[in-house]
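Q: Could you pick one part of this chain and go through it slowly with me? I'd like to see how it sits among its neighbours, and then how the rest of the chain fits around it.

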Amino acid sequence: MKPFAFQSKRKSRRSTRLGVLGIVPWLNAGLIVMLLGMVSHHILVTPGTLVELSQREATEGLLQGQIMLVLPVERAGVPTQIVLFFDDDRYDFSDEKQMLKLCERVRALTGSRRELNVLVDRRVQQGDVMALLNLLRSSGVERINVVEKPA
């Protein structure tokens, strides 16, 4: 009976050694989760712009009211400037005077409705679209419907 007892002690020693080493991956995982928790707070708190997207697909003739068209102008396949079309007028996005003129026209034409449909080409960068949305918000437009035009 003694040899059986001797073998069981050996197995218990091995299992305790492996038990301590078995905790190490869990400690690593816990430290990684804690680190991500500390860093994600700073990432998620940055403010952004809320955009209301419609729940249904736009079909021909569905858009009513004022419409603005945003297109990129390309030279050698590279977008060089952004052009806005509103109320049969052309505006250059990089020219501040034209953007102020656009704000005045938007204020005058949207009136009490304060709603505008913006058709954006897919090749226009998102940062430029967000800058345009902020400009339209500052000119008094309360509801902006953004529709993407295929390239």
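**One helix, up close**

A: Let's start with R105, which counts as partly exposed because its relative accessibility is 28%, and that value falls between the 20% cut-off for buried and the 50% cut-off for exposed. Keep in mind that you're looking at a predicted model. R105 makes a salt bridge with D87, with the closest N and O atoms 2.0 Å apart. R105 belongs to helix α2 (residues 96–110), while D87 sits in the loop between β2 (78–86) and β3 (89–92), so this pair ties together parts that are 18 residues apart in sequence. D87 comes out as partly exposed too, because its relative accessibility is 33%.

Now the helix itself. α2 runs for 15 residues and spans 21 Å from its first C-alpha to its last, close to the 21 Å expected at 1.5 Å a residue. Which of its residues are buried? They are M99, L102, C103, V106 and T110. Around the axis they take up an arc of only 105 degrees, so they sit on the same side of α2. Turn to the other side of α2 and you'll find K97, L100, K101, E104 and A108, which are exposed.

What covers that buried side? The cover includes the strands β1 (67–75), β2, β3 and β4 (115–121), plus helix α3 (126–138). Step just past the end of α2 and you meet G111, which takes a positive phi of about 60 degrees.

Back to the loop at the other end of the salt bridge. D87, in the loop between β2 and β3, has a phi near 55 degrees, which is a positive value in a residue other than glycine. D88 lies in that loop between β2 and β3 as well, and its phi, near 60 degrees, is again positive in a residue other than glycine. As for cover, D87 is partly exposed at 33% relative accessibility, whereas D88 counts as exposed because it reaches 83%.

How many salt bridges turn up in a search of the whole structure? There are 2. Besides the R105 and D87 pair, there's one between D121 and R123, where the closest N and O atoms are 2.9 Å apart. In this pair, D121 counts as buried because its relative accessibility is 5%, while R123 is partly exposed, with a relative accessible area of 38%.

α3, one of the elements that cover the buried residues of α2, is worth a look in its own right. It has 13 residues and reaches 18 Å from its first C-alpha to its last, close to the 18 Å expected at 1.5 Å a residue. V129, M130, L132, L133 and L136 are the buried residues of α3. Look down the axis of α3 and these buried residues fall within an arc of 160 degrees, so they line one face of the helix. After α3 comes G140, and its phi is positive, near 105 degrees.

Over in helix α1 (residues 2–44), you can find V39. V39 is partly exposed, with a relative accessible area of 40%. Together with L31, M34, L35 and M38, V39 makes a nonpolar surface patch of about 500 Å².

Time to zoom out. The chain has 3 helices and 5 strands, and from the N terminus on the elements go α-β-β-β-α-β-α-β. Of its 151 residues, 20% are buried. If you take the contacts between residues at least 6 apart in sequence, 58% of them join residues at least 24 apart. The accessible surface of the chain is about 12,000 Å², with 58% of that belonging to carbon and sulfur atoms.

So if you have the model open, a handy route is to start at R105 and go across its salt bridge to D87. From there, come back to the buried residues of α2, among them L102 and V106, and then move on to what covers them, including β1 and α3.

Conventions
Residues are numbered from 1 along each chain as its sequence is written. This is a predicted model: local features need pLDDT of at least 70, side-chain atom pairs count only at pLDDT 80 or more; totals for chains, interfaces and linings use all residues. Side-chain values use heavy atoms; hydrogens and water are left out. Patches are made of residues with over 30% relative accessible area and no salt bridge: like charges are joined within 9 Å, nonpolar side chains (Val, Leu, Ile, Met, Phe, Trp, Tyr) within 5 Å. Accessible areas come from the Shrake-Rupley method with a 1.4 Å probe; for residues, only the protein chains shown count as cover. A salt bridge is a side-chain nitrogen of Lys or Arg within 4 Å of a carboxyl oxygen of Asp or Glu. Helices (H or I, at least four residues) and strands (E, at least two) are DSSP runs, numbered from the N terminus. Buried means under 20% relative accessible area, exposed over 50%, partly exposed in between (1.4 Å probe, protein chains only). The expected span of a helix is 1.5 Å times one less than its number of residues. The arc is that of the directions from the helix axis to the C-beta atoms. Contact means heavy atoms within 4.5 Å.
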